[in-house]
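Biologist: Got a minute to go through this model with me? I'd like to start with the overall fold and then get down to side chains.

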Amino acid sequence: SLAKFMNITGESQQDVDRIGSSIVALGNNFATTESDIVEMSTRLASAGTIAGLSSTDILALSAAMSSVGINAEAGGTAMSQTLAALEKNVAKFKSGAENNLEEIARISGVSAEEFAKKWEQKPIVAIQSFIKGLGELDENGESATMVLDELGMSGIRQSNLLKALSLASGELSDAVVMSNTAYQDNSALVSEAEKRYATFEARLSQLKEKIGNVAIEIGERLMPYVEKLMAYADELIAKWDEMDPATQDMIVKAAMIAAAIGPILAIGGRLISGIGMMTSGIGNIMSMVGTLAASLP
């Protein structure tokens, strides 16, 4: 998922750890998860990159959106439409064509020229000012819904997205700062990994301790039998030591003979068994011949 996102934004794959740090920091500090941020960011990547947003800006915007309960499918489409609308109005303003930038700038608390400049230099700042201004409309006696209708941003998903963000505009500002800081520090991902490794190491330590306890219990149960075996071995060794050398040599030679005779006896046993079967077979044949002879006239 990160590779896809970074391919779209043009981010170097070597900076994947920095992107990861931004995602982890946002996931740890906002009411969202890392997976939701990545999913939303992937949907926003194309429109955000075209609008001039950096990778960290897109991540911050995604974190703010998902933290106010907007899902990736609806949010990705709605924010892409918003970015396209702002981009279009700035372009029309610069070309002298009819546009809504004056109204957008008024909501943002700046002039049309200032908004256009912000959009060109740092579009995330222009977006922040617009979102913040939307949240203050109701306080000033205006209807955010009617204003969005006039701007052509009246789609259900788009309108709901912008109104939800406007009510939590501070979330977006905080997310932008945190995303860029985490990217520069490049430490959040390492810290998260260390926590995971520490947990894994602790579990391994517990497992090792349990195995040790089981081994001790088994050892305690086997110890009486081991002691009896050791005592029997000591008796055998003592008796061996008491024998004279001639007796010891005789026992060794007897053991060697037994070891050599064993296979021979086994072969002999099979041979005798085979002869017995052959004799039995001949007996059966002779019996059949006798029976046949008795039946002849």
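**Fold first, then details**

Modeller: Sure, and keep in mind that this is a predicted model. The chain has 13 helices and zero strands.

Biologist: How much of the chain is buried, in percent?

Modeller: The cut-off for buried is under 20% relative accessible area. Taken over the 297 residues in the chain, the buried share comes to 32%.

Biologist: And what share of the contacts with a separation of 6 or more comes from residues 24 or more positions apart?

Modeller: Contact here means heavy atoms within 4.5 Å. Among the contacts in the chain with a separation of 6 or more, residues 24 or more positions apart account for 64%.

Biologist: How far apart are the end C-alpha atoms of α5, and what span should we expect?

Modeller: Helix α5 runs over residues 72–95, which is 24 residues. The expected span takes 1.5 Å times one less than the number of residues. That gives 34 Å, and it agrees with the distance between the end C-alpha atoms, 34 Å.

Biologist: Which residue caps the N-terminal end of α5?

Modeller: Look for a side-chain oxygen lying 3.3 Å from the backbone nitrogen of E73. At the other side, just after α5, G96 takes a positive phi of about 90°. The cap at the N-terminal end is N71.

Biologist: How many of the 15 residues of α8 are buried?

Modeller: Helix α8 covers residues 123–137. Its buried residues include P123, Q128, F130 and L137. So α8 is mostly covered, given the under 20% cut-off for buried, and the count is twelve.

Biologist: Q158 is polar-sounding, so is it buried or exposed?

Modeller: Q158 lies in helix α10. Its relative accessible area is 5%, which means Q158 is buried.

Biologist: Which side chain does Q158 join in a polar contact?

Modeller: Q158 touches several residues further off in sequence, among them A78, Q81 and G152. The polar contact between side chains is 3.1 Å, and the partner is T82.

Biologist: Which residues touch the most other members of the largest nonpolar core?

Modeller: That core has 57 residues. One of the three, M65, touches M40, L44, I70 and L161, among others. The full trio is M65, F115 and W119.

Biologist: How many aromatic pairs are there, and which residue lies over the face of Y183?

Modeller: A search of the whole structure for aromatic pairs finds zero. Over the face of Y183, at 5.8 Å from the ring centre, lies R18.

How values were computed
Residues are numbered from 1 along each chain as its sequence is written. This is a predicted model: local features need pLDDT of at least 70, side-chain atom pairs count only at pLDDT 80 or more; totals for chains, interfaces and linings use all residues. Side-chain values use heavy atoms; hydrogens and water are left out. Rings of Phe, Tyr and Trp (its six-membered ring) pair if their centres lie within 6.5 Å; planes under 30 degrees apart count as stacked, over 60 as edge-to-face and the rest as tilted. A charge sits over a ring if NZ of Lys or CZ of Arg is within 6 Å of the ring centre and within 35 degrees of the ring normal. Helices (H or I, at least four residues) and strands (E, at least two) are DSSP runs, numbered from the N terminus. Buried means under 20% relative accessible area, exposed over 50%, partly exposed in between (1.4 Å probe, protein chains only). A polar contact is a pair of N or O atoms within 3.5 Å; within protein, one must be able to donate a hydrogen and the other to accept it, and residues adjacent in sequence count only if both atoms are side-chain atoms. A nonpolar core is a set of buried Ala, Val, Leu, Ile, Met, Phe, Trp, Tyr and Cys residues joined through side-chain atoms within 4.5 Å. Lists of a residue's contacts leave out its neighbours within four places in sequence.
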